[in-house]
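Got your viewer open? Let's walk through this one stop by stop, selecting as we go.

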Amino acid sequence: MSLMIHNNLTNRKEEFVPIEPGKVKMYVCGVTVYDDIHMGHARSIIVFDVVNRYLRYLGYDVTFVTNFTDVDDKIINRANERGIEALDLSAEYIKKYFEDIEKLGVRRADIYPQASTSMPYIIDMVKEIVDRGYGYPTKDGSVYFRVKKIPDYGILSNRSIEEMRSSGRLEPNEDKEDPMDFAVWKGAKPGEVSWDSPWGKGRPGWHIECSAMIRHYLGDEIDIHGGGNDLIFPHHENEILQTEACTGSHLAHYWMHNGMLETKGSDGKTVKMSKSLKNFFKVDDVAKKFDKYTIRFYYLNTHYSSPLAYGEENMLEAQAALKRLWNNYRDLQACARDGPSGSPDNAAQAICKAREGFTSSMDDDFNTRAAIESLFDLARTTNKMLADKTITKEGAETVLGFLDEIDDVLGIFPEKEKDDGSFADVMGILVDLRKELRKRKQYDLADMIRDRLSEAGYAIEDSADGAKWKKI
Ligand SMILES: [Zn+2]
């Protein structure tokens with residue numbers, strides 16, 4: 001089966017065919033940097049981290065771009081409150097963003113453009129929009145986009161002009177030809193951060209930065225455009241209009257949107273986690289309680305497009321479920337170290353089934369939930385083999401190799417301790433020492449070794465074939 005993606009542009013699941021064979025150009029809308037990122041942002045970041053990883057796993061040469069909106073009303077207001085420059089505030093939160101995504105085990109995108117450093121391309125695009133008759137300047141030095149000049153407005157959100165008109169999200173302004181029109185350039189107000197332009201001092205509207213950055217870094221048309229589903233209207237609709245005005249294309253062939261993270265409000269109703277509703281949990285705080293593998297597992301154990309409930313109980317459930325996979329992983333590690341030698345055939349057969357389950361699930365619109373289910377199936381099979389003692393050292397090694405391979409996509413298993421084998425040698429000495437002490441009936445010392453190792457995160461288990469150790 002080939003990779004299928006649910007495309008919001010056509011509202012269908014479609015086979016993924018890149019513009020250029022073997023290459024993928026992907027853009028995901030990033031964050032507005034005026035505060036720490038919260039768990040709602042983290043969902044989009046992790047979803048597209050996995051999309052990026054899986055495309056690379058399939059062998060695509062991916063160029064992944066995600067932006068920072070560092071020029072915006074919220075940033076200007078927050079900087080004014082703190083009495084600092086807007087760009088100093090955004091620089092502080094860009095630095096913090098990278099620290100936070102590290103706590104999520106996220107691999108960095110290839111390029112992180114910022115609005116403030118993309119001004120020449122943004123101004124060029126606004127000029128082109130005006131030159132082609134899709135934009136018009138107003139007396140305050142702003143430039144607006146003539147929405148009705150492009151007939152397929154609403155193509156992504158499946159809304160009619162009338163529905164969008166009544167959405168209540170229009171900026172009122174008497175200088176606009178039509179209330180639907182939106183700003184691609186905003187004339188500067190006194191004291192605001194601004195740049196010189198053919199329309200006087202000003203700054204870009206929010207939507208134009210993505211269209212301009214995509215065009216500059218990736219070209220007129222890209223393969224995948226992603227973001228949260230709260231961005232479909234108006235942000236992504238407007239990105240399409242701006243690009244369509246200049247290039248005639250719908251900007252991206254595949255539009256993917258992740259579902260929202262929801263929390264229960266004080267009235268018991270579930271609502272979207274957002275800054276404005278003040279019902280958010282910062283990644284920084286959650287990462288103090290839960291490791292990055294658990295946080296990733298929590299998100300990936302639900303399909304990316306479904307809504308997802310957030311609460312500490314959901315994280316604890318994720319932790320308990322992931323622990324089952326880790327226990328199996330560690331038992332396999334112990335078997336790969338101390339198990340009997342022999343044919344790995346039965347393990348190889350189990351992997352074959354798991355690999356098929358993993359790839360067919362991931363190929364089906366990046367269904368990480370089903371992919372994880374195939375890992376639980378494999379764990380059940382290998383746990384039974386471990387209990388029946390039918391898995392060999394070589395078999396366990398093969399299973400671990402498979403899990404490491406697919407973890408390159410999911411990132412839910414702890415990184416292996418960097419070890420050249422000397423750690424296992426030292427552990428072997430401690431296990432032998434304990435055995436010797438027990439033989440001499442010095443149980444207090446033998447127990448001390450077992451207890452101290454347990455505190456350090458390693459269990460010694462006695463069995464008929466002698467004592468074995470594993471990471472807890
Ligand atoms: Zn965007």
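**Stop 1: two helices side by side**

Keep in mind that this is a predicted model. Start by selecting helix α11 (residues 345–363) and helix α12 (residues 368–388): their axes come within 7 Å and cross at roughly 170°. Angles over 145 degrees count as roughly antiparallel, so that is how α11 runs relative to α12.

Now show side chains where the two helices touch. On the α11 side, pick N346, A347, A350, I351, A354, G357, F358, S361 and M362. Their partners in α12 are T368, A370, A371, S374, L378, T381 and M385. Colour this contact by class and you get 10 nonpolar residues, six polar ones and no charged ones.

**Stop 2: the aromatic rings**

Next, display the Phe, Tyr and Trp rings. How many aromatic pairs does a search of the whole structure find? It comes up with 26. A pair like this is described by how far apart the ring centres are and by the angle of the planes.

Zoom in on Y54 and Y57 for one of them: the ring centres are 5.7 Å apart and the planes sit at 20°, so this pair is stacked. Both belong to helix α1 (residues 39–57), and because they are three residues apart there, about one helical turn separates them. Are the two buried or partly exposed? Y54 is buried, at 0% relative accessibility, while Y57 has 24% and counts as partly exposed.

Jump now to F145 and F182, another stacked pair, with 5.3 Å centre to centre and 10° between the planes. This one ties together distant parts of the chain: F145 is in strand β6 (residues 143–145) and F182 in strand β7 (residues 182–187), 37 residues apart. Check the surface there and you'll find F145 and F182 buried.

Before leaving the rings, select Y54, Y57, F358 and F366 together; ring pairs link them into a cluster. You've met F358 already, among the α11 residues that meet α12.

**Stop 3: the cysteines**

Finally, select the cysteines. Don't hunt for disulfides, as the structure holds zero. Take C246: the nearest cysteine sulfur belongs to C210 and is 15 Å away, whereas a disulfide needs the two sulfur atoms within 2.5 Å. C246 is also buried, with 5% relative accessibility. Then click on C352 for the contrast: its relative accessible area is 54%, so C352 is exposed.

Technical notes:
Residues numbered from 1 in each chain as written. Predicted model: local features only at pLDDT ≥ 70, side-chain atom pairs only at ≥ 80, totals over all residues. Heavy atoms only, no water. Axes fitted to C-alpha atoms, helices over the stretch in contact; angles between N-to-C directions. Helix = DSSP H or I, 4+ residues; strand = E, 2+ residues; numbered from the N terminus. Parallel < 35°, antiparallel > 145°, perpendicular 65-115°, else oblique. Contact = heavy atoms within 4.5 Å. Nonpolar A, V, L, I, M, F, W, Y, C, P; charged D, E, K, R; others polar. Buried < 20%, exposed > 50% of the residue type's maximum accessible area, 1.4 Å probe, protein only. Phe/Tyr/Trp six-rings, centres within 6.5 Å; stacked < 30°, edge-to-face > 60°.
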